[in-house]
Amino acid sequence: MDVGDATAPLVAVVGVVGTLLSALLTQRAADRSRRREQRRAEEARERRRHTQELRACYVALNTSARQYLAALTDQVHALGRDEEVRTVRQRLTEARDQYRDVYAEAQLRMPDRVLDLAGGLSHDLGMVYGMVRRLDDGAPRAGDSPDAVRESIDELWGRLRRMRREMRSELGGFGADSGR
């Protein structure tokens, strides 16, 4: 057998094998690329889902804190007015309970820098609630007065605005307004 006769079939086999391997390698590269793209898409969906859940948590916390502060304010205004107290007191109890439930869930979701603000706000809401209840029950402590409660409530509104700005920043709302 002559070398020329054997070379042609060998070249043909190498060409066919090369073509097949090329197709196989191209397919594997396409599969890897597709898996990588699917992984990126899944990660993006997960980030969006997390952001939406965090946003819902922030909205609920902001709403319940606002309702709690409004109920505290209404309770202070109702002090000494027997005809309004029962309804206002019930609203305050409901707002407080709602806030505690929302805050408990938020504690598990919020990043530390927002949680620190929310924790301080929550603590001080409880302190003001205690003052209001003592005034309503006719058993105030030293320093408990309607004026002290009003001042505390005003300060808490400002802290709620700061917390809301931090929440918006966390969510990427960098064009945040003053929070009003």
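These legends go with close-up views of a predicted model.

**View 1. A nonpolar patch that includes L21.**
Five side chains, V13, V17, L21, L24 and L25, make a nonpolar surface patch here, and it covers about 450 Å². L21 has its place in helix α1, which takes in residues 3-78. With a relative accessible area of 46%, L21 sits between the 20% and 50% cut-offs, so L21 goes down as partly exposed.

**View 2. A run of arginines making a positive patch.**
Zoom in on R28, R32, R35, R36 and R39 and you're looking at a positive surface patch. One of these, R32, belongs to helix α1. R32 counts as partly exposed, because its relative accessibility comes out at 42%.

**View 3. R45 and S22, a pair to put a ruler on.**
R45 is another residue of helix α1, and its relative accessible area of 43% makes it partly exposed. Count along the sequence and R45 is 23 residues from S22; go C-alpha to C-alpha through space and the two are 34 Å apart.

**View 4. Helix α4, end to end.**
Helix α4 covers residues 146-171, which is 26 residues. At 1.5 Å a residue it should span 38 Å, and the C-alpha atoms at its ends are 37 Å apart, so the two numbers agree. Which residues of α4 are buried? They are V149, I153, L156, G158, R159, L160, M163, R164 and M167, so two arginines are on the list, each with under 20% relative accessible area. Just past the helix comes G172, with a positive phi near 100 degrees.

Conventions: Residues numbered from 1 in each chain as written. Predicted model: local features only at pLDDT ≥ 70, side-chain atom pairs only at ≥ 80, totals over all residues. Heavy atoms only, no water. Patch = residues over 30% accessible without salt bridge, like charges linked within 9 Å, V, L, I, M, F, W, Y side chains within 5 Å. Areas by Shrake-Rupley, 256 points an atom, 1.4 Å probe, with all protein chains shown as cover. Salt bridge = Lys/Arg side-chain N within 4 Å of Asp/Glu carboxyl O. Helix = DSSP H or I, 4+ residues; strand = E, 2+ residues; numbered from the N terminus. Buried < 20%, exposed > 50% of the residue type's maximum accessible area, 1.4 Å probe, protein only. Lys, Arg positive; Asp, Glu negative; His and termini not counted. Charge placed at Lys NZ, Arg CZ, Asp CG, Glu CD. Expected span 1.5 Å × (residues − 1).
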